[in-house]
Amino acid sequence: MADVEWKKRGNRLFAQHKFREACECYSRAIEQKATTGCYWSNRALCWLKLQQWAKAAEDCKKAVEIDKYTVKGHFYLGQALTELQQCDEALVYFRRAQTLAQDQKLCCGDEIASAARSARRRRWENLERQRLSEEVELQSYLEKLMLEDRDRQKEILEKETKGSEDLDNKLSAVDAEYDLRGRELREVFAAGDACRQKREVPDYLCGRISFELLRDPVITPSGVTYERRDIEEHLVRVGHFDPVTREELTMDMLIPNLALKEVIDAFVSENEWAVDY
């Protein structure tokens, strides 16, 4: 059977949600013609459905190597890398997929942008977990230092006031002082925990093209909001149309989204960490 026929059979099996069988058909097609990029990206999609992230990433890289303009190859690779917790690299491929889709005038709706926001959120969550682990270690280290300092203070007191009637009172005072310092330290870290729990930028405050927090939002006649810099670059480089709705769009049709800008400014003022989101 020719490679094209194996591909068609794989497509039929994929439509029936028989992903492993479809994967085998695409493998047969690859054996016959390994230089066809879509065979690799099709098999990669099967691996994604089967949650075989490393295999999906490997096939996507081969597809991108063969065809550097493949939207699906870059998009699927971004998805696989996200699941492999390589979120920074995943965002690079999502941005490339978005750019290629715009250049080729393909309508992907919000699919790529949504996947990129998910990767960005997961990246942020990974950073937060790392930060939390480091702060727990720091708190434990500081508490250990405080206890060691308390014990030294008590040892000095015992040497200097050995046999003194008020030694017990002085030792109790040292314990009370360090108990207070310990409570204050725990309160500081507890306050930090409370702030961390709120660290999430809502999707509606992020751009459709850059996936980052909006700074200068503008709205199109179709009601879609973009970062001004991103949409203006799209209009100049790609064409005069809305990248989401595909409707005609020119520079003079962009209107500042003042209501959303006010919401963003308020959000940032209350969550300064969002600047680095």
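Where is the place of Q51? Keep that in mind as you work through the exercises below, which all concern a predicted model.

## Exercise 1: Two residues with unusual backbone angles

Locate Q51 and R246, and describe the phi angle and the exposure of each.

**Solution**

Step 1. Start with the position: Q51 sits in the loop between α3 and α4.

Step 2. Look at the backbone. Phi of Q51 is near 60°, a positive value in a residue other than glycine. As background, most residues other than glycine have a negative phi.

Step 3. Check the surface. Q51 has a relative accessible area of 55%, and exposed means over 50%, so Q51 is exposed.

Step 4. Repeat for R246. This residue is found in the loop between α9 and β3 (255-256), and its phi is positive too, about 70°, although R246 is not a glycine. Its relative accessibility is 25%, so R246 counts as partly exposed.

## Exercise 2: Helix α4 and its neighbours

Compare the length of α4 with the expected span, then find what its buried residues pack against.

**Solution**

Step 1. With 14 residues at 1.5 Å a residue, α4 should span 20 Å. The C-alpha atoms at its ends are 20 Å apart, which agrees.

Step 2. List the buried positions: A56, A57, D59, C60, A63 and V64.

Step 3. Find their partners. These buried residues of α4 pack against α3 and α5.

Step 4. Now take K62, which lies in α4 (residues 53-66). Its relative accessibility is 28%, so K62 counts as partly exposed. From K62 to E200 there are 138 residues along the chain, and their C-alpha atoms are separated by 35 Å.

## Exercise 3: Helix α5 and the largest pocket

Work out how covered α5 is, and what α5 gives to the lining of the largest pocket.

**Solution**

Step 1. Begin with the geometry. The 13 residues of α5 should span 18 Å at 1.5 Å a residue, and the end C-alpha atoms are 19 Å apart, which agrees.

Step 2. Count the covered positions. Ten of the 13 residues are buried, so α5 is mostly covered. Among them are V71, G73, H74, F75 and Y76.

Step 3. Identify the packing partners: the buried residues of α5 are in contact with α3, α4, α6 and α7.

Step 4. Turn to the largest pocket, with a volume of about 230 Å³. It is lined by 13 residues, of which L45, F75, Y76, Q79 and E111 are the closest to its centre.

Step 5. Assign the lining to elements. α3 (37-49), α5 (71-83) and α7 (111-160) each supply at least two residues. The largest share, six residues, comes from α5.

Step 6. Sort the lining by class: eight residues are nonpolar, one is polar and four are charged.

## Exercise 4: The second largest pocket

Describe the volume, lining and chemical make-up of the second largest pocket.

**Solution**

Step 1. The second largest pocket holds about 190 Å³ of space.

Step 2. Its lining consists of R95, Q98, T99, Q102, I209, S210, D230, E233, H234 and R237. The elements giving two or more of these residues are α6 (87-103) and α9 (228-237).

Step 3. By class, the lining has one nonpolar, five polar and four charged residues.

Step 4. Stay with α6 for one more residue, E89, whose place is in this helix. At 31% relative accessibility, E89 counts as partly exposed. E89 and L50 are 39 residues apart in sequence, and 22 Å apart in space from C-alpha to C-alpha.

## Exercise 5: The two faces of α10

Decide which residues of α10 are buried and which exposed residues lie on the face turned away from them.

**Solution**

Step 1. Helix α10 (residues 258-270) has 13 residues and reaches 18 Å from its first C-alpha to its last, close to the 18 Å expected.

Step 2. The buried residues in α10 are L260, I264 and F267. They cover an arc of only 65° around the axis, which means that they are on the same side of α10.

Step 3. Look at what this side meets: the buried residues of α10 pack against β1 (217-219) and β2 (225-227).

Step 4. Finish with the face turned away from the buried side, which carries the exposed residues L258, A259, E262, S269 and E270.

Key: Residues are numbered from 1 along each chain as its sequence is written. This is a predicted model: local features need pLDDT of at least 70, side-chain atom pairs count only at pLDDT 80 or more; totals for chains, interfaces and linings use all residues. Side-chain values use heavy atoms; hydrogens and water are left out. On a 1 Å grid over the protein atoms alone, a cavity is a set of points where a 1.4 Å probe fits but cannot get out, and a pocket is an open set with protein on both sides within 12 Å along at least five of seven lines; lining residues have an atom within 4 Å of a point. Grid points are joined across faces, edges and corners, and a volume is the space filled by probe spheres set on the points. Helices (H or I, at least four residues) and strands (E, at least two) are DSSP runs, numbered from the N terminus. Ala, Val, Leu, Ile, Met, Phe, Trp, Tyr, Cys and Pro count as nonpolar, Asp, Glu, Lys and Arg as charged, and the others, Gly among them, as polar. The expected span of a helix is 1.5 Å times one less than its number of residues. Buried means under 20% relative accessible area, exposed over 50%, partly exposed in between (1.4 Å probe, protein chains only). The arc is that of the directions from the helix axis to the C-beta atoms. Contact means heavy atoms within 4.5 Å.
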